[in-house]
2 protein chains.
Amino acid sequence: MNNLRFSTAIHILVLLDKNQGELITSDFIAGSINVNPVVVRREIKLLREAGLIDAKKGKIGGCALAIDARKILLGDLYKIVNKENMLGRKNQPNPNCAVGRQMNGRLDELFDQTDTVLIETLNKQTVKDFSNQFE
Amino acid sequence: MNNLRFSTAIHILVLLDKNQGELITSDFIAGSINVNPVVVRREIKLLREAGLIDAKKGKIGGCALAIDARKILLGDLYKIVNKENMLGRKNQPNPNCAVGRQMNGRLDELFDQTDTVLIETLNKQTVKDFSNQFE
DNA sequence: TTTAATGTAACAAATTTTATTACATTAAAG
DNA sequence: CTTTAATGTAATAAAATTTGTTACATTAAA
């Protein structure tokens, strides 16, 4: 997770929460985050596919929350923007070594356990909880 | 944490635990992990600086655990090999936007909390616990 | 003195991440 | 029905990160 995806996604959702009832453009969002609008639209695509956001095309288009920010858990958001294990990747160890042969099986268990704890922890907070911290 | 560092480091420590009393070379370790020996030595450097490993130079050199594997917590290991936030990096938002201006402060809190929980979770297991899973 | 190891710097290659350009599509408004 | 302003997305470029490799200095045993 050495990227900007979680930060970008939560920034988008906070902006939409703070502007409920309006349609917000990706250019406006990009201006707040300070990244390229296409990067924002790529992130919005994922959030849309996950059912968090609705987008309207055409003139006077833009996007808005599809569900209440109180229903969006941060762990769910994390899962949308990150498909990898938190503890990173695995090597492809030597199968002729007893340790090497067993390593990835053990790491898979550890990685799964760790990801589960992380997501459960994040799920204790909603986007609304996070957004409410902003004045 | 989109890299091989944690997997590589724990692989090294398991090998050393499984070969207590011997000096193990970075070439042997590299053969088990299936990576370049210099990559192994780079990781060993960190583990050495953290006091987990001793290395002996010269002919019949190699490395060994400096402390008992039962004293090495996985959370401590994680901190040695990863200096970034688990949830990734932060943008440099627009300070002229009310949300953008506050975003990184809020993310810092969330990121710190999350890292703390992860590390505490990992600290429930030692390298020995992990190593004992290997036949 | 030779040999086999660590230690590390310097650089190359590969992969991942982000930025940019271009353009098709959509829908409102004149 | 044409213009305008937005999304949607593909293709590519650029930047940054990660891993691999080469080279060589240093160390210590034989």
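A residue is near a molecule or strand if one of its heavy atoms lies within 4 Å of it. The model shown in these views is predicted: local features need pLDDT of at least 70, side-chain atom pairs count only at pLDDT 80 or more, and totals for chains, interfaces and linings use all residues. Residues are numbered from 1 along each chain as its sequence is written, chains are lettered from A and ligands numbered from 1 in the order in which they are written, and side-chain values use heavy atoms, with hydrogens and water left out.

**View 1. The protein surface near DNA strand C.** DNA strand C is surrounded by 29 residues. Closest are Leu4(A), Arg42(A), Gly58(A), Asn2(B) and Ser26(B). Of the atoms of DNA strand C that come within 4 Å of the protein, sugar and phosphate account for 67%. Helices (H or I, at least four residues) and strands (E, at least two) are DSSP runs, numbered from the N terminus. Helix 3 of chain A supplies at least two residues of this surface, and so do helix 3 and strand 1 (53–56) of chain B. Helix 3 of chain B gives the largest share, 5 residues. By class, the surface has 7 nonpolar, 10 polar and 12 charged residues. Ala, Val, Leu, Ile, Met, Phe, Trp, Tyr, Cys and Pro count as nonpolar, Asp, Glu, Lys and Arg as charged, and the others, Gly among them, as polar.

**View 2. Polar contacts to DNA strand C.** A polar contact is a pair of N or O atoms within 3.5 Å; within protein, one must be able to donate a hydrogen and the other to accept it, and residues adjacent in sequence count only if both atoms are side-chain atoms. Leu4(A) has a backbone N or O atom 2.7 Å from a phosphate oxygen of DNA strand C. Gly58(A) places a polar backbone atom 3.2 Å from a base oxygen of this strand. In the side chain of Arg41(B), an N or O atom is 3.2 Å from a base nitrogen of DNA strand C.

**View 3. The protein surface near DNA strand D.** Around DNA strand D there are 27 residues. Asn2(A), Ser26(A), Leu4(B), Arg42(B) and Gly58(B) come nearest. Sugar and phosphate make up 64% of the atoms of DNA strand D that come within 4 Å of the protein. Helix 3 of chain A supplies the largest share of the surface, 5 residues. The surface divides into 7 nonpolar, 8 polar and 12 charged residues.

**View 4. Polar contacts to DNA strand D.** A polar side-chain atom of Asn2(A) lies 2.7 Å from a phosphate oxygen of the strand. Ser26(A) uses a backbone N or O atom, also 2.7 Å from a phosphate oxygen of DNA strand D. Which kind of DNA atom lies 2.9 Å from a polar side-chain atom of Arg42(B)? It is a base nitrogen of DNA strand D.

**View 5. Helix 5 of chain A crosses helix 5 of chain B.** The two axes come within 10 Å and cross at roughly 140 degrees. Axes are lines fitted to C-alpha atoms, for helices over the stretch in contact, and angles run from 0 to 180 degrees between N-to-C directions. Helix 5 of chain A and helix 5 of chain B are therefore oblique to each other. Angles under 35 degrees count as roughly parallel, over 145 as roughly antiparallel, 65 to 115 as roughly perpendicular and the rest as oblique. Contact means heavy atoms within 4.5 Å. Leu110(A), Thr114(A) and Val117(A) are among the residues of helix 5 of chain A that meet helix 5 of chain B. The contact has 8 nonpolar, 4 polar and no charged residues.

**View 6. Helix 2 of chain B meets helix 3 of chain B.** Their axes come within 8 Å and cross at roughly 110 degrees. These helices of chain B are therefore roughly perpendicular to each other. Ser26(B), Asp27(B), Ile29(B), Ala30(B) and Ile33(B) of helix 2 meet Pro37(B), Val40(B), Arg41(B) and Ile44(B) of helix 3.

**View 7. Two loop residues of chain B, Asn34(B) and Ile60(B).** Most residues other than glycine have a negative phi. Asn34(B) has a positive phi of about 75 degrees, although it is not a glycine. Asn34(B) sits in the loop between helix 2 and helix 3 of chain B. Ile60(B), also not a glycine, has a positive phi of about 60 degrees. Ile60(B) is in the loop between strand 1 and strand 2 (62–65) of chain B.
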